[in-house]
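These are my notes from a first reading of the structure, kept in the order in which I looked things up.

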Amino acid sequence: MLEALKLTKRFQDRVALDALDLRVEPGEIFALLGPNGAGKTTTINLFLGFLTPDSGEARVAGTSVAADPVAARRKLAYIPEMVSLYPRFSGVENLDYFSRLGGHQRRRDELYGLLEKAGLQREAAERRVGTYSKGMRQKVGIALALATGAKALLLDEPTSGLDPAASHEFSRMLKRLAGEGVAVLMATHDLFRAREDAARVGILVGGRLVAQYSAKDVKDRDLEEIYLERISA
Amino acid sequence: MKSFGLELKLLFADRATWGLLVVFVATLVYGLVNGAEAGARARDNAEAVQRDAFEWNRQVREVLERQSLDPRQVAGRPTSALLPPAPVPALAVGQSDLLPSVEQVSLWRLEKPSEGRAELENPSRLMAGRFDLAFVLVWLFPLFLLAAAYDLCAGDRESGTLRMALAQGASPRRWIALRALARGTPILALAVAATLFAGSSGTAPDAGQRGALAALVVLAYGLFWLAVAAVINGFARSAAAAAMAAGTIWVVFVLVVPTLLNVVVESLHPAPSRAELVAEARAAASDAEKRGNELISSFYRDHPELAPPGMQADMMSRMLAVQDEVGRAMEPVKERFDEAILAQQQVVDRWRFASPAIATHEALTELAGTGYWRHRAFREQVEAFKGAVHAYYSPKFHKRVPLTKADLPHFPRFEFAEEPASVWRARVLAGVAGILALALACGIWAATRLSPQKLSA
């Protein structure tokens, strides 16, 4: 579970995040929408412990990020817009490397299994990442979430730049992870994916969560219309 | 352990690493060969001197077996005061190519300044010196180490892998420390291996111990530079910035600080120049020469027991009296010179931790046996030997007492006494402790910078 309790972050005079209250349940996908500078990445950075909140608290599966950032991060997986990997390592070596950093040691055949589960076949997994497409990198990111047994997944513009097929496959994997009880917080501009994948959608404007809608709400109305209405309000 | 292996694999995945190692091995080998050649030359020279001394002793013994000898014949023939070859010459040529390791001591040359003495300068003058192993280790080793480890996470910050790594919950301090060790290990291992090899090639009984201590010095010096790399990566936002910072810090610690220290010690304690030494010796000799008769008369008045019958000094006795007077006149100049050099060395010793390059150079030349203190001990023992030669031959010379076979065991002979191991070991270990303390200070500074918040900012 991911919880933000009156989470606030200021950068000098500017309020980047203003008393954000948010709760993403295990198995739920929450899409955080908002224009550039709305505070989406700040929220993710606060959950990752890369930023220290000015007030409020971020919790990951009950662990306060401020109190024990390492323990909190070990319950998390993070997939940025571009999953950055070591280009001279193969996919499986990258997976081994990053999962070891999180304290998870797995046998080579297990790693191949996880990559396969994330949609990356063995032949591709053995290739140097320098030859990978963005979609293939995202699959390594998913495999990493699987390898570390993350309780929560933070996604920052994960489908940006993916072709529709890759985006669809990514979405399928995401739902599978959520199906395994992972709480997913996805910061995105992709309204289509938000509507398709998320159980709930939140709209962040100027650091404030101005609206939340359930999947049912957004299916009944045009999400784009809601979004534009909210950000211009 | 597997993580360490993965870091090594990541390092070696870059072909440039292999090139770096090949060049480093080549410089180490070249340095070792140069040091070994210098050592071989010193050994050959020492053997030639010993052979010559042995032959002279044999001839004197043979003559004395048959007849007595005029002391003037024996005392006038120089005796070689030999500094034995350095215990580990392949490690550092040090001052051995600047300072004489043999001094010809005869009753007629007691006041002649040692050859090359005026060239004696601050032993930590890193600008000087040959391309030996110490040069490679003090100058180039940090460069190679920084080339392998300058980008511990600055490049990851640029590429985004840093965020990926930190997001896994890794402790950045442990991660960077592990990475620094992994990246430094190949270069460190080669440097330590070359140092141990140099130690094993030494001929002295304690060469192995000296080599092991030198390896410890190199290890401490390497850890310092890895800690510097960690500090750089705590600040640098890109690999290019880290490379520039690493280069600048190398220039400061290896070039600027030692040069500045050299300038400072020479300004604080300037040694009289060779020209001054020679001019004063000439002036003293000329003055003493003019007063030759007066000097010898005065000498015989003070030492009537040495006066020949009728107090009639011959030319050689007069020359000896003149030389003694020149010695007395030159004493303050020589003292001033020695005091200045000693004071310079003491300043260097005190300030050697201003740059670990100085401390490392000092420790390596000390361990090689080519440093200041061993040469100083040699010079002091040579001076004492000159005194012994004077004390033994001068009375016999004046009284013209013939030398017999019974005198043979009493002829002054020079044998260099090495400093006790505990003395040089204490100096070296103090150097190692200082370098490790600097490395620790850098490590702590780096640790304060390597937090996820600061790194991901």
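**Entry 1, an enclosed helix.** I began with helix H3 (residues 91-101) of chain A in this predicted model, and found that 11 of its 11 residues are buried, so the helix is largely enclosed by the rest of the structure. Among the buried residues of H3(A) I noted Glu93(A), Asp96(A) and Arg100(A) as well as Leu95(A), Phe98(A) and Leu101(A). Following H3(A) I came to Gly103(A), whose phi is positive, near 85°.

**Entry 2, confidence.** Before going further I looked up how far chain A can be read, and its mean pLDDT is 91, with 100% of its residues at 70 or more. Where in chain A is confidence lowest, and where is it highest? The lowest mean, 75, belongs to helix H9 (residues 215-220) of chain A, while S4(A) has the highest, at 96. I keep in mind that predicted coordinates should not be read in detail where pLDDT is low.

**Entry 3, the antiparallel sheet.** I then traced an open sheet of 4 strands in chain A, which run in the order S2-S1-S4-S5 with antiparallel pairing. Strand S2 (14-24) and strand S5 (63-64) of chain A stand at its edges with a single partner strand each, so one side of each has no neighbour in the sheet. Strand S1 (residues 2-11) of chain A pairs with S2(A) over 7 bridges in the antiparallel sense, and when I looked for the bridge partner of Leu2(A) in S2(A), I found Val24(A). Helix H1 (residues 40-48) of chain A packs on this sheet, where it touches S1, S2 and strand S4 (55-60) of chain A, and its direction makes about 115° with that of S1(A).

**Entry 4, the mixed sheet.** Chain A also holds an open sheet of 6 strands in the order S6-S7-S8-S3-S9-S10, and here the pairing is mixed. Which strands stand at the edges of this sheet? They are strand S6 (76-79) and strand S10 (208-214) of chain A, each of which has a single partner strand, so that one side of each is left without a neighbour in the sheet. Ignoring direction, I read an average turn of 20° between neighbouring strands of this sheet. Strand S3 (residues 29-33) and strand S9 (residues 200-205) of chain A pair in the parallel sense over 4 bridges, and Gly202(A) is the partner in S9(A) of Leu32(A).

H1(A) packs on this sheet too, touching S3, S6, strand S7 (152-156), strand S8 (183-187) and S9 of chain A, with a direction at about 145° to that of S7(A). I also followed helix H10 (residues 223-232) of chain A, which lies across S3, S9 and S10 of chain A and runs at about 30° to S9(A).

**Entry 5, strand S7 of chain A.** I returned to S7(A) because side chains alternate between the two faces of the sheet in a regular strand, and I wanted to look at each face in turn. Ala152(A), Leu154(A) and Asp156(A) on one side are buried, and so are Leu153(A) and Leu155(A) on the other, which leaves both faces of S7(A) covered. S7(A) pairs in the parallel sense with S6(A) over 4 bridges and with S8(A) over 5 bridges. In the pairing with S6(A), Ala152(A) is the partner of Leu76(A), whereas Asp156(A) has its partner in S8(A) at Ala187(A).

**Entry 6, where the chains meet.** Turning to chain B, I found 25 of its residues in contact with 28 residues of chain A. The area buried between the two chains is about 2500 Å², with 58% of it given by carbon and sulfur atoms. On the chain B side, Arg163(B), Met164(B) and Gln168(B) lose the most area to chain A, together 27% of what that side buries. I counted 2 salt bridges across this interface, and looked up the one between Asp14(B) and Arg88(A), in which the closest N and O atoms are 3.8 Å apart.

**Entry 7, two residues of chain B.** Pro78(B) lies in the loop between helix H3 (71-75) and strand S1 (79-82) of chain B, and because its relative accessibility is 24%, it counts as partly exposed. Beyond its neighbours up to four places away in sequence, Pro78(B) touches Gln104(B), Val105(B) and Ser106(B). Is Thr360(B), in helix H13 (residues 356-368) of chain B, buried or exposed? Thr360(B) counts as buried because its relative accessibility is 1%, and, with the same residues up to four places away left out, its contacts are Val138(B), Val217(B), Tyr221(B) and Ile435(B).

Methods: Residues numbered from 1 in each chain as written. Chains lettered and ligands numbered in written order. Predicted model: local features only at pLDDT ≥ 70, side-chain atom pairs only at ≥ 80, totals over all residues. Heavy atoms only, no water. Pairing = 2+ DSSP bridges. Contact = heavy atoms within 4.5 Å. Axes fitted to C-alpha atoms, helices over the stretch in contact; angles between N-to-C directions. Buried < 20%, exposed > 50% of the residue type's maximum accessible area, 1.4 Å probe, protein only. pLDDT = per-residue confidence, 0-100. Buried area = accessible area lost by both parts, 1.4 Å probe. Salt bridge = Lys/Arg side-chain N within 4 Å of Asp/Glu carboxyl O.
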